[in-house]
Amino acid sequence: MLIAGLTGVGISALTNSIAGSEVQVSKSSPRSVTQKASQIKCKRMERLLVCFDTPGMSTIDDTKIVQEQYEKCLIKAAPGFHAILVVQKATSFSDHNEKFLNNITKMFGEDLWKFVVFVFTHIDQIGENLEEKIAKGDKRLHYWLHKCEHRYVGINNRAKGEENEQQISKLLDVVEKMKRVNVDKIYTNEDFKKTYNMLKIAARDLKVSVQNIQDNPGKILGFTLEVLKYFNNP
């Protein structure tokens, strides 16, 4: 699962909620706490999960920096994702949210929306039912929810224990239902396909498994797509 959103919406806090432990630094900040894309593996509710916590995109135009970090996910996540969790504060929807959603659509293409689940954080601050809040909210958000067939859940990242278990169980159920609708297909694109093919060539030439390279890209390939491209164009 790729976890993405604007800075300050609670991307790393959501990762911690999913993992059930403090695997990522999380705090309120005007700048993204997560500076580099991180891969987190955990087991929750009999499911092995692999999450990619990505840097939040700030209201400043740092699209290039964020895109570089997304591209680093190509090696570890190839050939693609089962789900893309778009994190959005339940308290508001702004022009910055609209810009972010347009940017990731340009970055990943329209097929992205077949794999998107909206995760609304800060539901403890809205003072009403999430469904009612969305119904009365910005019409632009309704457009984006329609694109992902209204797949969404609400999350309180402050929740602990049984309360957190229940909300993460609901999130994973939504993801599993989406996977069934998608017949277990993954989101992929030409970049992912090319990267995965290059990984297979590199694995063959180095006599290691693709998984081994993905688990240790820095040790084996220096974690650069430039090195990987050598195996496709020696």
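**Entry 1: the smaller void**

I began with the second largest cavity, which comes out at about 40 Å³. I note up front that this is a predicted model. The search over the whole structure turned up two cavities of 30 Å³ or more.

Which residues line the second largest cavity? I get Leu6, Val86, Val87, Gln88, Asn97, Phe100, Leu101 and Phe118. Two elements, β4 (84–89) and α3 (95–108), give two or more residues each to that lining. By class, I count six nonpolar residues, two polar ones and no charged ones in the lining of the second largest cavity.

**Entry 2: helix α3**

Since α3 had come up, I looked at it next. Does its length fit a regular rise or not, and what is its span? I asked what the 14 residues of α3 should span at 1.5 Å a residue. The expected value is 20 Å, and the end C-alpha atoms are 20 Å apart, so the two agree.

Then burial. In α3, I find Asn97, Glu98, Phe100, Leu101, Asn103, Ile104, Thr105 and Phe108 buried. I keep in mind that an α-helix has 3.6 residues a turn, so residues three or four places apart point the same way. Asn97, Phe100 and Leu101 are on the buried list, and they also turn up in the lining of the second largest cavity.

I checked both ends too. At the N-terminal end of α3, serine 94 acts as the cap, with a side-chain oxygen 3.2 Å from the backbone nitrogen of histidine 96. After α3 comes glycine 109, and its phi is positive, near 90 degrees.

**Entry 3: aromatic rings**

For ring geometry I go by the distance of the centres and the angle of the planes. The whole structure has 10 aromatic pairs. One of them joins tryptophan 113 and tryptophan 144: 5.1 Å centre to centre and 35 degrees between the planes, a tilted pair. Tryptophan 113 sits in the loop between α3 and β5 (116–121) and tryptophan 144 in helix α5 (residues 139–147), so this pair ties together parts that are 31 residues apart in sequence. Buried or exposed, these two tryptophans, 113 and 144? Tryptophan 113 is buried, and tryptophan 144 is too.

Next I took phenylalanine 120 and tyrosine 152. Their ring centres are 5.7 Å apart with the planes at 85 degrees, so I log the pair as edge-to-face. This pair also links distant parts of the chain, with phenylalanine 120 in strand β5 and tyrosine 152 in strand β6 (residues 152–154), 32 residues apart. Phenylalanine 120 has a relative accessible area of 1%, so it goes down as buried.

I also noted one aromatic cluster made of Phe52, Phe81, Phe108, Phe115, Tyr187 and Phe192. Phe108 in that cluster is one of the buried residues of α3.

**Entry 4: the second largest pocket**

I moved on to open space. The second largest pocket holds about 500 Å³. It has 22 lining residues, and those closest to its centre are Met1, Leu48, Leu49, Val50 and His82.

Where does the lining of the second largest pocket come from? At least two residues each come from β2 (38–44), β3 (47–53), α2 (63–77), α6 (161–181) and α8 (210–215). β3 gives the largest share, five residues. The lining of this pocket splits into 12 nonpolar, five polar and five charged residues.

**Entry 5: two buried polar residues**

Asparagine 164 is in helix α6. Its relative accessible area is 7%, under the 20% cut-off, so I call asparagine 164 buried. Its C-alpha atom is 6.9 Å from that of serine 17, although the two residues are 147 apart along the chain.

Serine 12 belongs to helix α1 (residues 11–19), and serine 12 is buried as well, at 7% relative accessible area. The side chain of serine 12 makes a polar contact of 2.9 Å with that of aspartate 53.

**Entry 6: backbone oddities**

I finished with the backbone. The peptide bond between alanine 78 and proline 79 is cis, with omega about 10 degrees. Proline 79 is in the loop between α2 and β4.

Glutamate 46 is not a glycine, yet its phi is positive, near 65 degrees. It sits in the loop between β2 and β3 and counts as exposed at 71% relative accessibility. Aspartate 184, also not a glycine, has a positive phi of about 65 degrees. It lies in the loop between α6 and α7 (190–206), and at 49% relative accessibility aspartate 184 counts as partly exposed.

Methods:
Residues are numbered from 1 along each chain as its sequence is written. This is a predicted model: local features need pLDDT of at least 70, side-chain atom pairs count only at pLDDT 80 or more; totals for chains, interfaces and linings use all residues. Side-chain values use heavy atoms; hydrogens and water are left out. On a 1 Å grid over the protein atoms alone, a cavity is a set of points where a 1.4 Å probe fits but cannot get out, and a pocket is an open set with protein on both sides within 12 Å along at least five of seven lines; lining residues have an atom within 4 Å of a point. Grid points are joined across faces, edges and corners, and a volume is the space filled by probe spheres set on the points. Helices (H or I, at least four residues) and strands (E, at least two) are DSSP runs, numbered from the N terminus. Ala, Val, Leu, Ile, Met, Phe, Trp, Tyr, Cys and Pro count as nonpolar, Asp, Glu, Lys and Arg as charged, and the others, Gly among them, as polar. Rings of Phe, Tyr and Trp (its six-membered ring) pair if their centres lie within 6.5 Å; planes under 30 degrees apart count as stacked, over 60 as edge-to-face and the rest as tilted. Buried means under 20% relative accessible area, exposed over 50%, partly exposed in between (1.4 Å probe, protein chains only). The expected span of a helix is 1.5 Å times one less than its number of residues. A polar contact is a pair of N or O atoms within 3.5 Å; within protein, one must be able to donate a hydrogen and the other to accept it, and residues adjacent in sequence count only if both atoms are side-chain atoms.
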